[in-house]
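Biologist: Please take a close look at one helix in this model, and then go on to the pockets. A plain account will do.

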Amino acid sequence: MNPKIESFLSRERPQTPCLVVDLETVAANHALIAAAAPWAEIFYAVKANPAPPILETLHRAGASFDAASPGEIEMCLAAGVAPGAISYGNSVKKQSDIARAVANGVDLFAFDSSGEIEKLAAAAPGAKVFCRIVVANDGARWPLTRKFGCAPDEAVPLLERARDAGLEPVGLSFHAGSQQTEPARWCEGVNWCANLFERAARSGLALDLVNIGGGFPVPYRGDDIPEPAQIFDAIEETFRDRFGDRFPRVIMEPGRALVANAGVIRSEVLLVTDRSYGGSQRWVYLDIGRYGGLAESEGEAIQYDLTVEGCSGAPVPAVVAGPTCDSHDVMYEAAMCDLPADLGAGDLVILHNAGAYTSSYASTGFNGFAPPAEYYI
């Protein structure tokens, strides 16, 4: 574990469940990505973790921000971010929310349908807009297909319609899926954008923006992921193949890659017991679960590494479940976790790489269980 976080937990002994994030690691992650991909602008995906200390840290580091709602936009503004450094990347918005963003000075919007063009034209006349297309998400642990993005063949007609409606079409975007483990998916997206740039030029549209989204992976349990340099080198090579030395403006939207490994969750064991459901299984119940911030354990898609403080017994496979009175609140049953044989109630478990998509999902207080406390150090 990060020595700084380990020292904090040892010194402060915060109540569980809690999330602890090292802000220096967040800044270091930003510097690493900026150095590996100097040809792109980093727009942090605020949804990954919108905590003000994270936004302030990344703003000081020089990041821009991808926001999905007026609330996220206003959190960025409160952190000192200039409106011009914010992209409203949600392609489905209320017209009133578009107007609210415009009133706050935001001038860059995503869209993927004719209905969205109508709202943008009414609430943000003259705004810069980019069209999101669907690309393959094979290899992603958390795919983002179907809900957002138009078919690539629809993009140029939609961009023409946006121009005719008084908007300024500037480019295209795609998302290869969250926790994407195959660099080829970004390369395919860049190739689609290059093809569409050529079609757009024949229609009199001079596009100059490619938003390659996020999805850059971190090492969770069971994932074999490429090194960041391998991903960014593959993307850069595809841009050079298709655009030569005259790159368009390239935006990327890392979220997980900036904050996941900066944070851990500490949780208390509530119960360890054997269950006989057609065969004996060991069950471990924690004071955090799917409704307390571990939503990405749905379908066992994201599998956090778990370590235990103060236990040294031989590892034994266990089902891991949360604290609520809901049978859906089971994180890992097919992919059981190896936990010490001497584990018992009251012991403390650490969930690693937990700085992304945990606190931002823990917002309902389901069953009366409060969301985890948060510490930014």
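Helix α6 and the pockets

Modeller: In this predicted model, helix α6 spans residues 114-123, and its buried residues are E116, I117, L120 and A123. These four lie on the same side of α6, because the arc they cover around the axis is only 145°. An α-helix has 3.6 residues a turn, so residues three or four places apart point the same way. The packing partners of the buried residues of α6 are two helices, α5 (95-103) and α7 (152-164), and two strands, β5 (108-111) and β6 (128-132).

Strand β6 also leads to the largest pocket: β6 and β3 (64-67) each supply at least two residues of its lining. The space in the largest pocket is about 630 Å³. Its lining consists of 34 residues, and those nearest the centre are K47, R132, L144, F148 and H175. Sorted by class, the lining of the largest pocket holds 8 charged, 12 polar and 14 nonpolar residues.

The second largest pocket has a volume of about 330 Å³. It is lined by 16 residues, with L32, P217, V218, P228 and A257 closest to its centre. Helices α2 (23-36) and α9 (228-243) each supply at least two residues of this lining. The largest share, 4 residues, comes from α2. By class, the lining of the second largest pocket has 13 nonpolar residues, 2 polar and 1 charged.

Note on methods
Residues are numbered from 1 along each chain as its sequence is written. This is a predicted model: local features need pLDDT of at least 70, side-chain atom pairs count only at pLDDT 80 or more; totals for chains, interfaces and linings use all residues. Side-chain values use heavy atoms; hydrogens and water are left out. Buried means under 20% relative accessible area, exposed over 50%, partly exposed in between (1.4 Å probe, protein chains only). The arc is that of the directions from the helix axis to the C-beta atoms. Contact means heavy atoms within 4.5 Å. On a 1 Å grid over the protein atoms alone, a cavity is a set of points where a 1.4 Å probe fits but cannot get out, and a pocket is an open set with protein on both sides within 12 Å along at least five of seven lines; lining residues have an atom within 4 Å of a point. Grid points are joined across faces, edges and corners, and a volume is the space filled by probe spheres set on the points. Ala, Val, Leu, Ile, Met, Phe, Trp, Tyr, Cys and Pro count as nonpolar, Asp, Glu, Lys and Arg as charged, and the others, Gly among them, as polar.
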